[in-house]
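Colleague: Thanks for sitting down with me over this one. Could you show me the model, and then I will ask about it piece by piece?

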Amino acid sequence: MNRRSRRVRTALAALLACCLLLGGAVACGGKKEKSGGEATPTSSAEKQKFAKTRFVTNAGLAAGATYQWIIKPFKQGTFKKGQKGRTTALVKAGLAGTFAYNRLKAATENAKGDPTLSKALAPLTAGIDSLKNLSTKIRKGDATDADVNSFGDVINGVKDAGKSAGAEVKDKVPSYSEVQKGS
């Protein structure tokens, strides 16, 4: 492969990465409208049940995305310079990081509907907030072992908090299109 075609390929990859990132950012930022036929809980017991269910779903999606597109490729060495597929893996990890942060924030909101879950999750809110800018760091290829491990630590903390409150969280790997959309 000559030098010029390599430059063109690199430029196209960078353009594709920018488009994917912009599309993901736009998809994550919109307001969601409630549909008219949405079921709403009426008693406090129902509110608590739905809060735990939503918490488990959102935390499970965050855990699945983090493992699938951040921790697993990092452990395999895919993020290291010179690795085949590095750019794609970094873009996917950046999107997954944004997705995981979004789902963890939603899980935190869900936990407020259940007093036990809310108490268990309260010490982790600072850790969740600290993940906000890590997806950008990962996407740029500037993430360190400590950065990737912090994602894993926060996810494990959320899982432990859920388990202690009777809401066991299991990894649920979202489809890549869900990660791109941000929901």
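Colleague: What share of the contacts between residues at least 6 apart in sequence join residues at least 24 apart?

Modeller: A contact here means heavy atoms within 4.5 Å. Among contacts in the protein between residues at least 6 apart in sequence, the share joining residues at least 24 apart is 78%.

Colleague: Good to know! Before we go on, what kind of model is it, and what conventions apply?

Modeller: Residues are numbered from 1 along each chain as its sequence is written, and side-chain values use heavy atoms, with hydrogens and water left out. Local features need pLDDT of at least 70 and side-chain atom pairs count only at pLDDT 80 or more, while totals for chains, interfaces and linings use all residues, since the model is a predicted one.

Colleague: Which helix has the lowest confidence?

Modeller: pLDDT is the predictor's confidence in each residue, from 0 to 100, and the protein averages 81. Confidence is highest in helix α3 (residues 86-111), at 93, and lowest, at a mean of 53, in helix α1 (residues 3-29).

Colleague: And over which residues is the pLDDT below 50?

Modeller: Where pLDDT is low, the predicted coordinates should not be read in detail. That stretch has 9 contacts in the model beyond near neighbours in sequence, and it covers residues 24-39.

Colleague: How many helices are there?

Modeller: Helices (H or I, at least four residues) and strands (E, at least two) are DSSP runs, numbered from the N terminus. The protein has 0 strands, and its helices number 8.

Colleague: Let's turn to Asp-147: is this residue buried or exposed?

Modeller: Asp-147 is found in helix α7 (residues 145-164). Buried means under 20% relative accessible area, exposed over 50% and partly exposed in between (1.4 Å probe, protein chains only). At 11% relative accessibility, Asp-147 therefore counts as buried.

Colleague: With which side chain does the side chain of Asp-147 make a polar contact?

Modeller: Leaving aside neighbours within four places in sequence, Asp-147 is in contact with Leu-134, Lys-137 and Asp-142. A polar contact is a pair of N or O atoms within 3.5 Å; within protein, one must be able to donate a hydrogen and the other to accept it, and residues adjacent in sequence count only if both atoms are side-chain atoms. At 3.1 Å, the partner of Asp-147 is the side chain of Lys-137.
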